[in-house]
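Q: Hi! Could you walk me through this protein? I'm new to reading structures.

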Amino acid sequence: MESIMNINLSQPLRVCFVFVSTGIGGAERSMLRLIQAAHPQLLECSVILNGGSNYPVQSALDEIGTVPYCVTSPRDFAGGWRFIRQEKPHLLYAFGLKRIIWALVARWAGVPVTVGAERGTMARQIDILMRHLDKHVLHAYFCNSHKAASILQNKVGVSPDRLFVIYNGLEEIVSTQIAKDTSIETRNPNLVCVANIQPYKGHIYLLKAVKQLQSDFPKLRVTLLGHDTTNGHFFEEMKAQSLDDTYVWLGFVPDVYSYLSRADIFVLPSLTEGMPTAALEAMAIGLPVVATDVGGTTELIRDGDTGLIVSPGDTQALAVALRRLLQSSTLRKQLGQNAKNYIQHNHTLAS
């Protein structure tokens, strides 16, 4: 990071974020919170949306109102270069597999420092390959879990002095969770999962677990919140497997808290994760969480204390954990309160 030493930091640091996504997920929500909290007093932020039109992110930036951004097609690096030349950032913060290209574009445009966001566990070979390439051009990596930093160091050979672990943070949350009848048997239990519909989020294991539990909880359903990246194929497959009575899908919603506040249990059955923003949000309002032992999740959720942890892809274990919570209002309340306390002390933007 020697190149940042020559930057005059008596003024706000100018940071350009590069997103390659076409929707909004945990990474985008986390960065939008950071931008809203820090811009323009601490950071003068700008954004490149390199995946083309991304209406949820654009709407959020429009609502902030003072953050310049540009929308480019996935191959339009020249448009991004012109925008960078215009905004003159001190630091470029890039997400996705094309970080190596954006680091080179940024250097060509005169940006002193380029940083890569590391928010996953590099489960695919292409992820490892691209890290082996971009480690030669990025100055540093900002990781949202120690697990991600460990993989970069041990599998990719990135020097520890270029790895910075910065946990995701939330704005101060005032709990709006609705008081519920403590006896689930007298009403319909409400599970919720916030995750874009894509294979590595493990939705199928959750729906199979719900199916198993319906013998004891006939009206049990899980509310799914998130974009469908499969163009409907996932839901066709769920219908073919007779799982279409296990869920209600509402698509992307800009305000997840209004749904979390009405839920009994939050579930994240991912096969790979970094530091899941969705779990943070659920814990912040006191929801008990069931999640899988992947990535940085166990840095956030301590099994039996701030939530329940199960093995990824294990339908039976997921059903057992959900049954424990469905049958015990005491356990739900205990885990939810512990989770809320943990987030307030460790994962607010102030902390």
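Q: Leaving aside its neighbours within four places in sequence, which residues is L260 in contact with?
A: L260 is in contact with V192, V194, F266, E281, A282, I285 and L287. Contact here means heavy atoms within 4.5 Å. One thing to know early: this is a predicted model, where local features need pLDDT of at least 70, side-chain atom pairs count only at pLDDT 80 or more, and totals for chains, interfaces and linings use all residues. Residues are numbered from 1 along each chain as its sequence is written, and side-chain values use heavy atoms, with hydrogens and water left out.

Q: OK, and which residues touch the most other members in the largest nonpolar core?
A: Those are V222, L260, F266, V290, L300 and L322, in a core of 59 residues. A nonpolar core is a set of buried Ala, Val, Leu, Ile, Met, Phe, Trp, Tyr and Cys residues joined through side-chain atoms within 4.5 Å. Buried means under 20% relative accessible area, exposed over 50%, and partly exposed in between, using a 1.4 Å probe and protein chains only. Apart from that core lies another, of 25 residues, with V15, A38, V57 and L61 among them.

Q: Why would they gather like that?
A: In soluble globular proteins, nonpolar side chains tend to be buried together.

Q: New topic: where does T246 lie?
A: T246 is in the loop between α8 (233–240) and β10 (247–251). Helices (H or I, at least four residues) and strands (E, at least two) are DSSP runs, numbered from the N terminus.

Q: Is T246 buried or exposed?
A: T246 counts as buried, because its relative accessibility is 0%. Leaving aside neighbours within four places in sequence, T246 is in contact with L207, V210, K211, Q214, R221 and V222. V222 also appears above, in the list for the largest nonpolar core.

Q: What about aromatic pairs, how many are there?
A: The count comes to ten. Rings of Phe, Tyr and Trp (its six-membered ring) pair if their centres lie within 6.5 Å; planes under 30 degrees apart count as stacked, over 60 as edge-to-face and the rest as tilted. For F235 and W249, the ring centres are 4.7 Å apart and the planes are at 35 degrees, so this pair is tilted. F235 sits in helix α8 and W249 in strand β10, so the pair ties together parts that are 14 residues apart in sequence.

Q: And how covered are those two?
A: F235 is buried, with a relative accessible area of 14%, while W249 is partly exposed, at 35%.
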